[in-house]
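Thanks for passing this one along. Here are my notes, set out point by point so you can follow them with the structure open beside you.

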Amino acid sequence: LMVSHRRLRDRKKMPRAVGPWVLDSGAFSEVSQYGKWTVPVADYIKAVVLYRDEIGNMVWAAPMDWMCEPWMVEKTRLTVEEHQQRTLENYLELIERAPDLPWIPVLQGWTLDEYHRHAEAYCGVGIDLTTMPTVGIGSVCRRQATTEATGIIRSLWAQGIKNLHGFGFKVQGLREVGALMASADSMAWSYGARRSEPLQGCTHKK
C-alpha cells in the first residue's frame, strides 16, 4: 500500500498498519500546485519519524523530488537539470539528517539520456543505484504505455538498475515491462472506480 504524506499530515491520530506500506512525499501535488516545495525538509523528516513510529511497518519513504515533465518544468521555470539536481540534493540531505529512516533515491528525467545522466549523477556522489533495495523512477505516470517510457525502463534494467519502483505506473505499462520492475503504484483504478457503477452486491452509489 502507498499512502501520501499529504493524506496523513493533518491527522490528529495515526492509524496502525496491519501490513507493509510505503510513503509517498506528495511531490507531484506540491510541484504541480505551487511550482516549488512549500514543506520544509525538517518538517517532512519529523513527519516521517512519526509515521514510522506510530503507524509502523513502513518499508520505505520517498524523498522530496522534482518531476521533469515539460509542463512541470514550465511551471517552475527551471531546467530539467535543475530538477534533477534538486532531487539528488534532497536525497543526500535526507540521508544525512535522518540516516535511520528508509529513504529511497528517485531518478527523474524526461528523455532516456536524461535518466541515464541522473543515474550518473548519483554515481558521482557515491550512490550505486544497482545495489539499492529500491530506486524510484518518476515522470512516467502519464506515458507508461508509450514506447519511450518502456524503453527507459528496459535501458535502466540493462544497466543493472533492476529494483525500480514506478511512480504512477499503470497496468498498460506493467503489461510491457512489469517483469523488469520491483513494484509500482497507481491511482488510475481509484479514479475509474469512483465514476463507475457499483460492483454486484455493493451498496454504494459508485
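**Notes on the predicted model**

1. Let me begin with a loop residue: Ser139, at 4% relative accessibility, counts as buried, because the cut-off for that label is under 20%. Please bear in mind throughout that this is a predicted model. Ser139 sits in the loop between E5 and H7. Its backbone also deserves a look: phi is positive, about 60°, although Ser139 is not a glycine.

2. Arg77 makes a good companion to that residue. It too has a positive phi without being a glycine, here near 65°. Arg77 belongs to the loop between H4 and H5. Buried or exposed? With a relative accessibility of 78%, Arg77 counts as exposed.

3. Another loop residue to check is Asn163, which is placed between H7 and strand E6 (164–166). Asn163 is buried, its relative accessible area being 9%. What does Asn163 touch, once neighbours within four places in sequence are left aside? The list runs Leu129, Thr130, Thr131, Met132, Pro133, Thr134, Val135 and Ala182. As for Ile127, it is 36 residues away from Asn163 in sequence, and the two C-alpha atoms are 14 Å apart in space.

4. Now to the interior. The largest nonpolar core has 47 residues, and those touching the most other members are Leu23, Tyr51, Trp103, Leu107 and Leu129. At least two residues of this core come from each of strand E2 (21–24), helix H2 (27–34), helix H3 (41–55), strand E3 (58–61), helix H5 (80–97), helix H6 (112–124), strand E5 (135–137) and helix H7 (147–158). Which element gives the most to this core? That is H3, with seven residues.

5. Tyr51 is a handy place to start browsing that core. Not counting residues up to four places away in sequence, Tyr51 touches His5, Leu8, Arg9, Met14, Trp21, Leu23, Gly56 and Met58. Apart from the largest core lies another, of six residues, including Val22, Ala62, Ile104 and Val106.

6. Thr87, in helix H5, is worth selecting next. Thr87 counts as buried, with 0% relative accessibility. Beyond its neighbours within four places in sequence, its contacts are Asp65, Trp66, Val106, Gln108, His118 and Tyr122.

7. For H2, I would view the helix end-on. Its buried residues are Ala27, Glu30 and Val31. Down the axis of H2 these residues fall within an arc of 85°, so they line one face of the helix. What do they pack against? Their partners are H1 and helix H4 (70–76). After H2 comes Gly35, which has a positive phi, near 75°.

8. H2 comes up again at the largest pocket, where its five residues are the largest share of the lining. The volume of this pocket is about 1200 Å³. Of the 39 lining residues, Met2, Asp24, Asp185, Ser186 and Met187 lie nearest the pocket centre. Elements that each supply at least two lining residues are strand E1 (2–4), helix H1 (5–8), E2, H2, E3, strand E7 (183–184) and helix H9 (188–193). By residue class, the lining divides into 18 nonpolar, 13 polar and eight charged.

Terms used: Residues are numbered from 1 along each chain as its sequence is written. This is a predicted model: local features need pLDDT of at least 70, side-chain atom pairs count only at pLDDT 80 or more; totals for chains, interfaces and linings use all residues. Side-chain values use heavy atoms; hydrogens and water are left out. A nonpolar core is a set of buried Ala, Val, Leu, Ile, Met, Phe, Trp, Tyr and Cys residues joined through side-chain atoms within 4.5 Å. Buried means under 20% relative accessible area, exposed over 50%, partly exposed in between (1.4 Å probe, protein chains only). Helices (H or I, at least four residues) and strands (E, at least two) are DSSP runs, numbered from the N terminus. Contact means heavy atoms within 4.5 Å. On a 1 Å grid over the protein atoms alone, a cavity is a set of points where a 1.4 Å probe fits but cannot get out, and a pocket is an open set with protein on both sides within 12 Å along at least five of seven lines; lining residues have an atom within 4 Å of a point. Grid points are joined across faces, edges and corners, and a volume is the space filled by probe spheres set on the points. Ala, Val, Leu, Ile, Met, Phe, Trp, Tyr, Cys and Pro count as nonpolar, Asp, Glu, Lys and Arg as charged, and the others, Gly among them, as polar. The arc is that of the directions from the helix axis to the C-beta atoms.
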